[in-house]
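Here is a quick tour of a model, written for someone who likes to know the cut-offs behind the words. Have the viewer open while you read.

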Amino acid sequence: MNQKQTLNVGQKPWQPKNVAIFMLQELNRVNYLYQETVVWQIKEKFDDRYVYDNQNGNLAISKDVLREFRLLTGDNVVWERGSRLWRKRASYDMPGKRLAD
């Protein structure tokens, strides 16, 4: 998948992959992607079926969208648990790890 793929947000019907492409575009635009921000953007731009209330009562991104996002980004993106954001992999990140503390 070309990471430069673009998406017309007004284009329907949407699939989880369309939402994941939107996330990748935002990541490429600002170099990091806060979960709390992007989940509300998804809710606003797409369908409610791509977000849900998790067990803590917080809005979360659907597992289908996250699966597609992982497929699109491969080993190029890291999830920073403490900051609750995705960012591009840096030279100091451990190879093969998708999680950073």
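## Layout of the chain

Helices and strands here are DSSP runs, numbered from the N terminus: H or I over at least four residues for a helix, E over at least two for a strand. With that in hand, the protein chain has three helices and six strands, and from the N terminus on the order is α-β-α-β-β-α-β-β-β.

Some housekeeping on where the values come from. This is a predicted model, so local features need pLDDT of at least 70 and side-chain atom pairs count only at pLDDT 80 or more, while totals for chains, interfaces and linings use all residues. Residues are numbered from 1 along each chain as its sequence is written, and side-chain values use heavy atoms, with hydrogens and water left out.

## Burial and contacts overall

Burial is judged by relative accessible area: under 20% is buried, over 50% is exposed, and partly exposed is in between (1.4 Å probe, protein chains only). By that yardstick, 37% of the 101 residues of the protein chain count as buried.

A contact means heavy atoms within 4.5 Å. Take the contacts in the protein chain between residues at least 6 apart in sequence: 43% of them join residues at least 24 apart.

## Helix 1 against helix 3

For helix packing, axes are lines fitted to C-alpha atoms over the stretch in contact, and angles run from 0 to 180 degrees between N-to-C directions. Helix 1 and helix 3 (residues 63–73) pack with their axes 8 Å apart, at an angle of about 55 degrees. Angles under 35 degrees count as roughly parallel, over 145 as roughly antiparallel, 65 to 115 as roughly perpendicular, and the rest as oblique. Helix 1 and helix 3 are therefore oblique to each other.

The crossing of helix 1 past helix 3 is right-handed, that is, the near helix is turned clockwise from the far one by less than a right angle (anticlockwise would be left-handed). On the helix 1 side, the residues that meet helix 3 are Pro16, Lys17, Val19, Ala20, Ile21, Met23, Leu24 and Leu27, and their counterparts are Asp64, Val65, Leu66, Glu68, Phe69, Leu72 and Thr73. Sorted by type, the residues of this contact come to 11 nonpolar, one polar and three charged. The sorting takes Ala, Val, Leu, Ile, Met, Phe, Trp, Tyr, Cys and Pro as nonpolar, Asp, Glu, Lys and Arg as charged, and the others, Gly among them, as polar.

## Helix 1 against helix 2

Helix 2 (residues 35–45) has an axis that comes within 11 Å of that of helix 1, and the two cross at roughly 130 degrees. That makes helix 1 oblique to helix 2, and the crossing is right-handed. Val19, Phe22, Met23 and Glu26 of helix 1 make the contact with Val38, Gln41, Ile42 and Lys45 of helix 2. The split in this contact is five nonpolar, one polar and two charged.

Phe22, in helix 1, is worth a click. Its relative accessibility is 3%, so Phe22 counts as buried. The C-alpha atoms of Phe22 and Ile42 are separated by 8.5 Å, with the two residues 20 apart along the chain.

## Salt bridges

A salt bridge is a side-chain nitrogen of Lys or Arg within 4 Å of a carboxyl oxygen of Asp or Glu, and the structure holds seven of them. One of these joins Arg29 to Glu26, with the closest N and O atoms 2.8 Å apart. Both residues lie in helix 1 (residues 16–30), three residues apart, or about one turn of the helix. Arg29 is exposed at 57% relative accessible area, whereas Glu26 counts as buried at 13%.

Lys43 and Asp48 meet at 3.0 Å, N to O. Lys43 is partly exposed at 30%, and Asp48 is partly exposed at 44%. Arg87 and Asp93 meet in a salt bridge at 2.7 Å, N to O, and both of these residues are buried. Salt bridges with shared partners tie Glu80, Arg87 and Asp93 into one network.

## Two positive phi values

Which residue in the loop between helix 1 and strand 1 (32–34) should you look at? That is Asn31, with phi near 75 degrees, a positive value in a residue other than glycine. Asn31 is partly exposed at 45% relative accessibility.

Arg84 sits in the loop between strand 4 (77–80) and strand 5 (85–88). Its phi is near 55 degrees, again positive in a residue other than glycine, and Arg84 is partly exposed at 43%.
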